[in-house]
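Welcome! Take a moment to turn the model around on your screen, and then we will walk through it together, topic by topic.

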Amino acid sequence: MNFHPLFVELDICMEEKFEQIGEIYDAFETDAADYKTDAACRKGCAYCCTDAGSIDITTLEGLAIRSEILRLARPLQLKVKKALNQDIKKRENGRPNPCPFLMKNRACLVYAYRPFTCRRIYSLHTCSAERPPMLHRAVMKTAAESIRRLQHLDDTGYTGHLSFILFLLDNPKFLETYLAGDHRPAEIMHFGKSHRIIINRTVRQDSSAGSCS
Ligand code: SF4
């Protein structure tokens, strides 16, 4: 992964879509606020970033994170690149790995742009291997609806693990196709199948979704 700087300027349509992502995040926060008052989450815990499963994102969310990475100082960009590549390798070998954006001080490097998967999680108890995060059922339902809205917004895009989506966006050919608003799943068929990438266009209101498999 090289963070090919094919784009720095995003077109108006993408900027508008970024705003809509923010609206979806905000609407969820408003709906979940009352439930989260009893959350046991505290600064520095980061259990969700190390042990709570796959951090899945849409391509559009990946594009927002990518544009933040491209603004980082070069040495930090290289560090992130290394962490993402290591994460890909480990995951391809079926080994769990902490999120590549989790820093040594247990803070998130892209906190302001963290994806919805990170925003939806909280827990009513302190988490451990024996006690994974516990959320209210109503919040899980609202979160599922927010994910569908994010996938519909990203109609020509995909959903998958954060490192895999950023890997796709780092491919100049994929990025060009995606930014042009074209939809060519055949171009990523092999990678999509082996990395459990979902085609957003196949996500339906009944929540069934087609993947590249
Ligand atoms: S993106 Fe940030 S908040 Fe989300 S899992 Fe990674 S380090 Fe944690």
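Is Arg106 buried, exposed or partly exposed? With 14 other C-beta atoms within 10 Å, Arg106 is partly exposed, because a residue counts as buried only from 20 such neighbours and as exposed at 12 or fewer. Keep in mind that you are looking at a predicted model. Here is a tour of the chain, starting with the overall picture.

**The chain as a whole**

- The secondary structure adds up to nine helices and three strands.
- Reading from the N terminus, you meet these elements in the order α-α-β-α-α-α-α-β-α-α-α-β.
- The chain has 213 residues, and 28% of them are buried.
- Among the contacts with a separation of 6 or more, 74% join residues that are 24 or more positions apart.

**Helix H4 and its two sides**

- Helix H4 covers residues 74-92, which is 19 residues.
- From its first C-alpha to its last, H4 reaches 27 Å, close to the 27 Å expected at 1.5 Å a residue.
- Val80, Ala83, Leu84 and Asp87 are the buried residues of H4.
- Looking down the axis of H4, you find these buried residues within an arc of 100°, so they line one face of the helix.
- The partners that this buried set packs against are helix H3 (59-69) and helix H7 (162-169).
- Turn to the other side of H4 and you will find exposed residues: Arg74, Pro75, Lys82, Lys89 and Glu92.
- After H4 comes Gly94, which has a positive phi near 75°.

**Where H3 meets H7**

- The two helices that H4 packs against, H3 and H7, have axes that come within 9 Å and cross at roughly 75°.
- That crossing makes H3 roughly perpendicular to H7, because angles from 65 to 115 degrees count that way.
- H3 brings Thr59, Gly62, Leu63, Ile65 and Arg66 to the contact, while H7 brings Ile165, Leu166 and Leu169.
- Sorted by character, the residues of this contact are five nonpolar, two polar and one charged.

**Positive phi angles in loops**

- As background, most residues other than glycine have a negative phi.
- Arg106, our opening residue, is not a glycine, yet its phi is positive, near 65°.
- You can find Arg106 in the loop between H4 and H5.
- Ala46 is another residue other than glycine with a positive phi, near 60°.
- Look for Ala46 in the loop between helix H1 (12-36) and helix H2 (47-50).
- Ala46 has 19 other C-beta atoms within 10 Å, so it is partly exposed.

**Two aromatic-looking stops to find on screen**

- His136 sits in the loop between helix H5 (116-120) and helix H6 (137-153).
- Since His136 has 16 C-beta neighbours inside 10 Å, His136 counts as partly exposed.
- Tyr122 is 14 residues from His136 along the chain, and their C-alpha atoms are separated by 9.4 Å.
- Phe191 belongs to helix H9, which spans residues 189-194.
- Phe191 counts as partly exposed, with 16 C-beta neighbours inside 10 Å.
- Phe164 lies 27 residues from Phe191 in sequence, and the two are 9.0 Å apart in space, C-alpha to C-alpha.

How values were computed. Residues are numbered from 1 along each chain as its sequence is written. This is a predicted model: local features need pLDDT of at least 70, side-chain atom pairs count only at pLDDT 80 or more; totals for chains, interfaces and linings use all residues. Helices (H or I, at least four residues) and strands (E, at least two) are DSSP runs, numbered from the N terminus. The expected span of a helix is 1.5 Å times one less than its number of residues. The arc is that of the directions from the helix axis to the C-beta atoms. Two residues are in contact if their C-beta atoms, placed from the backbone, lie within 7 Å. Axes are lines fitted to C-alpha atoms, for helices over the stretch in contact, and angles run from 0 to 180 degrees between N-to-C directions. Angles under 35 degrees count as roughly parallel, over 145 as roughly antiparallel, 65 to 115 as roughly perpendicular and the rest as oblique. Ala, Val, Leu, Ile, Met, Phe, Trp, Tyr, Cys and Pro count as nonpolar, Asp, Glu, Lys and Arg as charged, and the others, Gly among them, as polar.
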